[in-house]
Amino acid sequence: MATINPLVKVAVVAGGYVAAFLIASAVVAVRIASTSGPDAQAASGMYAAGDALLFAAVFAVCALVPTGAALFFLRPYRRFWSVLSALGLAVAVTGVTAAILFAVGRHATGSSLATWAAFSVLRILVAPLLALTFFVCTIFSPYRAPRIALLAATVMEGVVTAYGGAVWFVPLFFHRP
């Protein structure tokens, strides 16, 4: 891989991100075309927010491929992997912190703890994507210490994802009237 021109590597990664953008745009266009009835007109703001979330989710999943390519091209740079693993652990700790804040403060009312718990929902919602991203980084990491750190970040984000799913979705299925 060292014989590949660096500009070609950049072009491959950038082309992958462009492809991810085009795929996400096409998915949103199909959704808009299939939901353009009177309900969509009456709640246009909600539909627009849903379209934005759909675009972000599809783009993020499709962007894992060019991100993997970039990580593959960066394999020889040990310092990059050390910094990335430290950053990954720091980000994962924010997810665990958000889950703890939500668990402690979600029933509090009128306090700063309740406000922090409300904002922590946003961080918890990003946890599944970060778990996938850290897992891809773990796969491509050529060095043992960064690989273990990235795996720990993946596990932490997985736990945050599982907590969010347990709190928000399990009661929907096991609700007793």
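1. Which residues of H7 are buried? In this predicted model, the buried residues of H7 are Pro-146, Ala-149, Leu-150, Ala-153, Thr-154, Glu-157, Val-160, Gly-164 and Val-167. Helix H7 runs over residues 144-168 and has 25 residues. From its first C-alpha to its last, H7 reaches 36 Å, close to the 36 Å expected at 1.5 Å a residue. The cover over the buried residues of H7 includes helix H5 (78-105), helix H6 (112-140) and helix H8 (170-173).

2. A charged residue deserves a separate remark. Glu-157 is part of helix H7. Its relative accessibility is 0%, so Glu-157 counts as buried. Not counting residues up to four places away in sequence, Glu-157 touches Val-91, Ala-92, Arg-123, Ala-127, Leu-130, Ala-131 and Phe-134.

3. On the nonpolar cores: the largest one has eleven residues, namely Leu-64, Leu-71, Trp-81, Ala-92, Leu-130, Phe-134, Val-136, Cys-137, Tyr-143, Leu-150 and Ala-153. H4, H5, H6 and H7 are the elements that give two or more residues to this core. H6 supplies the largest share, four residues. Apart from this core lies another, of seven residues, including Ala-98, Ala-99, Ile-124 and Val-167.

4. Some residues of the largest core recur elsewhere in this note. Leu-71 belongs to that core. Leaving aside neighbours within four places in sequence, Leu-71 is in contact with Phe-80, Trp-81, Leu-84, Val-136, Cys-137 and Phe-140. Among these partners, Trp-81, Val-136 and Cys-137 are listed in the largest core. Ala-92, Leu-130 and Phe-134 are also listed there, and these three residues are touched by Glu-157.

5. Helix H1 (6-34) has 29 residues. The distance from its first C-alpha to its last is 42 Å, close to the 42 Å expected at 1.5 Å a residue. The buried residues of H1 are Lys-9, Val-13, Gly-16, Ala-20, Ala-24 and Val-28. H3 and H4 are included in what covers them. As background, residues three or four places apart on an α-helix point the same way, because there are 3.6 residues a turn.

6. Helix H3 covers residues 44-62 and has 19 residues. At 1.5 Å a residue it should span 27 Å, and its end C-alpha atoms are 27 Å apart, which agrees. The buried residues of H3 are Asp-51, Val-58 and Ala-60. They pack against H1, helix H4 (64-73) and H6.

7. The packing of H1 on H3 has an angle of about 145°, with the axes 8 Å apart. The crossing of these two helices is right-handed. On the H1 side, the contact is made by Tyr-17, Ala-20, Phe-21, Ile-23, Ala-24, Ser-25, Val-27, Val-28, Arg-31 and Ile-32. On the H3 side, Tyr-47, Asp-51, Leu-54, Phe-55, Val-58, Phe-59 and Cys-62 take part. By class, the contact has 14 nonpolar, one polar and two charged residues.

8. Leu-54 is one of the H3 residues in the contact with H1. Leu-54 is partly exposed, because its relative accessible area is 25% and the buried class requires under 20%. Leaving aside neighbours within four places in sequence, Leu-54 is in contact with Val-27, Val-28 and Arg-31. The C-alpha atoms of Leu-54 and Ser-25 are separated by 9.5 Å, and the two residues are 29 residues apart along the chain.

9. For H3 and H4, the packing angle is about 35° and the axes are 4 Å apart. Ala-60, Val-61 and Cys-62 in H3 meet Leu-64, Val-65 and Pro-66 in H4. By class, this contact has six nonpolar, no polar and no charged residues. Cys-62 also appears in the contact of H3 with H1.

10. Two residues of H6 can be set beside the buried positions above. Thr-115 lies in helix H6 and, at 41% relative accessibility, counts as partly exposed. Between the C-alpha atoms of Thr-115 and Gly-158 there are 24 Å, with the residues 43 residues apart along the chain. Phe-119 lies in helix H6 as well. Phe-119 is exposed, because its relative accessible area is 54% and the exposed class begins over 50%. Phe-119 and Ala-14 are 105 residues apart in sequence and 33 Å apart in space, C-alpha to C-alpha.

Methods:
Residues are numbered from 1 along each chain as its sequence is written. This is a predicted model: local features need pLDDT of at least 70, side-chain atom pairs count only at pLDDT 80 or more; totals for chains, interfaces and linings use all residues. Side-chain values use heavy atoms; hydrogens and water are left out. The expected span of a helix is 1.5 Å times one less than its number of residues. Buried means under 20% relative accessible area, exposed over 50%, partly exposed in between (1.4 Å probe, protein chains only). Contact means heavy atoms within 4.5 Å. Axes are lines fitted to C-alpha atoms, for helices over the stretch in contact, and angles run from 0 to 180 degrees between N-to-C directions. Ala, Val, Leu, Ile, Met, Phe, Trp, Tyr, Cys and Pro count as nonpolar, Asp, Glu, Lys and Arg as charged, and the others, Gly among them, as polar. A nonpolar core is a set of buried Ala, Val, Leu, Ile, Met, Phe, Trp, Tyr and Cys residues joined through side-chain atoms within 4.5 Å. A crossing is left-handed if the near helix is turned anticlockwise from the far one by less than a right angle, and right-handed if clockwise.
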